[in-house]
Amino acid sequence: MNYLTDKHKTLSESQQSGLMLWFGRLPMDKKAVAIGLSLTVGIGSAAMAWQGTSSDRIYFCIKTPLKTLTCSDKNNRPFRMTPYYWSQWQNDGMPSQVVRNPAMGVKGLVKATNPYKPFWAFGGFLGFALAGWMLRHCQDEEKQRAVFEDIAQKRDAAKAEMAARSKLLESYRDVAIAEVQLQADLDLVANDRTVDITKAEIYSDVEIQVAQLDATDALFEAQTAGMTEQQKAEYIKQLREMKTPYLQGSQTLQGTIDPSDKVTGADNQAIAPGDKYRWINNTIGYPTLIFGGMGAGKSWTTREIIWKKVQAGWNIVALDPHGTIVEWRGVRLITGYKEIAEFMQWYMDEMRQRYEDYRKSGLTEEQWTERLRNSGKMLSVICEEFTTWTDNIVEPMPDDCEDEKWKPDPDFIGKWFRCAMTESRKQLMIPLFVAHDRTMEILAKAKGLSKLRDAALLEVELIATIDPITTEAKASGQGKIKLPGHGQWIDIELPKLDQKRIDFRLDESRTVNEPPTIDKATLERIYELEFNLGNKVGDTQDEPKKLSPMAQKLYEYLTRTERIEADVREFKGNFKVNGERFTVEQIKGWMYEIVGAGLADWIGEGVIKLNQI
């Protein structure tokens, strides 16, 4: 062993016996033999210590009044004791009714069969202890050897890698030299022809431009033949509108140069038809639990599932304790814990009534389900913020009960949760729970129902990640799904969403959220990028307009923090109004207003430079 200091060596050797020093110098095979011998001694000694008795015994009986001998107690255990205690008893006054058992040994005395039993036991302990000590010594040496083995392997791997890199660099050097020589030869030949080629290109470009102008004029004259001057002006305006990249649906300005983002609001359903999103179809007809940490994307993903349910003909009831009608357009919203409790009571009553009607209908299960579907009774209950329900919801008091006599059921939410999990599917009253975890302590504090949860619920776990810029939790786009009754979790990919869906109406002309209004300054900026590259910005813009309240707050924030060049990715996490943070697209919209007002200029994607005042 390598010691750090002499003191370290002295302390280590003082704590180590001479036997272990001798043992440590033995080769491995002899160490194994020594350990085996020690174990053999321990096992043999233990076996010997297990057998026989270690002391003499005197067996005795008691004479009864009927002159009979009783030699054992009521549990049939013989009366016996050691000679020492027998003599002590005699000295203390042994009763005359006590006599030695003539049937045992010599006048009741039975000699010890294993008088050295304690020594054998000590030998067994010593053998096992010595074997364990030697094994521990071998283990410590093996740990030290493993460290050196690992270092040696890494050293050999590093040498091999360096050798390979050296050979690769030599090969690359030869190739690079050959390329430079070839390029030099080509440059010598090309220089001889450069002047002639340049002249030819200039002449050909001029001739092509002249021909294009003539062809364009001829084509325009042919297209506008017979038109009045007013009709020609309207035709030119129509051509410009056809070429202007108006932002539609979820498009951004970046989307005007990204073909993958050129979709309209009606086409953008956020759910691609590919196989990677087919898992959403499973959530329509099953009781479902969606869970994940903060920022994992539970609300956005839940709303896309709701949109699928709406498209499939389901009636949606959203139980959101803190929801607003603005974010739940097109569905029935029940907000407030008291109102939610009343709906839960109605839900269980309706469930019992449907089962009673089913029993009396004389229909099969499939026929009954089809009747519910045709009559428009498909109901999906969305349980938002389900984690907080048990702390705030109390069973509602019936109308026919007095206040003094009413005692709410403490398991009201648990009963409703079990009813929604197990009885809802056949009656098309499917729940969708949104929570932070899947433990039964969080889900309605329904302990002991984990097996029922695994068998009845389709579970979707959303996985969050950390934004490297804002260090905030955000959706990673990845998750896992587990079907009811199956123990396997399957990796899934979440839909790529640009914004949170708040409108679920099918009878409207638009089926997604309305895009933010595009102001005149933004349209003029788009025109500058597409058609007016050669002119100055001031040629097509009106006088600077007044900023909206949020754009004004953003401008004040940028000037207050003395920013000259502002990158949205850098200050997004720090800019907030009344504690509210904003998305990149919202901030970019206000940046467009600032640029349109002449207070800044674009210098990159998402980066503006404030004008000095």
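This passage walks through a predicted model, from its overall make-up to a few of its strands, helices and salt bridges.

Start with the big picture. The protein has 613 residues, and 31% of them are buried. The chain is arranged into 17 helices and 16 strands. The accessible surface adds up to about 39400 Å², with carbon and sulfur atoms supplying 55% of that area. Contacts say something about how the chain folds back on itself: taking those between residues at least 6 apart in sequence, 64% join residues at least 24 apart.

Next come the strands. Strand β7 covers residues 315-319, and four of its five residues are buried, so the rest of the structure largely encloses it. Its neighbours show up in the pairing. With strand β9 (residues 379-383), β7 pairs in the parallel sense over five bridges. With strand β8 (residues 332-334), β7 also runs parallel, and three bridges join the two. Val 317 takes part in both pairings: it stands opposite Val 381 in β9, and its bridge partner in β8 is Arg 332.

Further along the chain, strand β15 (residues 600-604) contains Asp 601. This residue counts as partly exposed, because its relative accessibility is 42%. Leaving aside residues up to four places away in sequence, Asp 601 touches Val 595, Val 607, Ile 608, Lys 609 and Asn 611. Met 591 lies 10 residues from Asp 601 along the chain, and their C-alpha atoms are separated by 9.5 Å.

Now for the helices. Helix α9 runs over residues 337-361, and its 25 residues should span 36 Å at 1.5 Å a residue; the C-alpha atoms at its ends are 36 Å apart, so the two values agree. Several of its residues are buried, including Tyr 337, Phe 343, Tyr 347, Glu 350 and Arg 354. Just after α9 comes Gly 362, with a positive phi near 75 degrees. A salt bridge also sits in this helix: Lys 360 meets Glu 356, and their closest N and O atoms are 3.1 Å apart. The two are four residues apart in α9, which means about one helical turn separates them. Lys 360 is exposed, at 64% relative accessible area, while Glu 356 is partly exposed at 30%.

Helix α5 spans residues 117-223 and includes Phe 119. With a relative accessible area of 63%, Phe 119 is exposed. It belongs to a nonpolar surface patch with Met 48, Tyr 116 and Trp 120, and together the four have about 470 Å² of accessible area. Cys 138 is in α5 too, but this residue is buried, at 14% relative accessibility. Beyond its close sequence neighbours (up to four places away), Cys 138 touches Phe 23, Lys 31 and Ile 35. The C-alpha atoms of Cys 138 and Met 28 are 8.9 Å apart, although their positions lie 110 residues apart along the chain.

Back to salt bridges, of which the structure holds 23. One of them joins Asp 73 and Arg 77, at 3.1 Å from N to O; Asp 73 is partly exposed at 25%. Another joins Glu 459 and Lys 482, whose closest N and O atoms are 3.4 Å apart. This pair links distant parts of the chain, with Glu 459 in strand β11 (residues 458-466) and Lys 482, 23 residues away, in strand β12 (residues 473-482). Glu 459 is buried at 0% relative accessible area, and Lys 482 is buried at 3%. Both also belong to a salt-bridge network with Arg 438, Arg 453 and Asp 454.

Technical notes: Residues numbered from 1 in each chain as written. Predicted model: local features only at pLDDT ≥ 70, side-chain atom pairs only at ≥ 80, totals over all residues. Heavy atoms only, no water. Buried < 20%, exposed > 50% of the residue type's maximum accessible area, 1.4 Å probe, protein only. Pairing = 2+ DSSP bridges. Patch = residues over 30% accessible without salt bridge, like charges linked within 9 Å, V, L, I, M, F, W, Y side chains within 5 Å. Areas by Shrake-Rupley, 256 points an atom, 1.4 Å probe, with all protein chains shown as cover. Salt bridge = Lys/Arg side-chain N within 4 Å of Asp/Glu carboxyl O. Expected span 1.5 Å × (residues − 1). Contact = heavy atoms within 4.5 Å.
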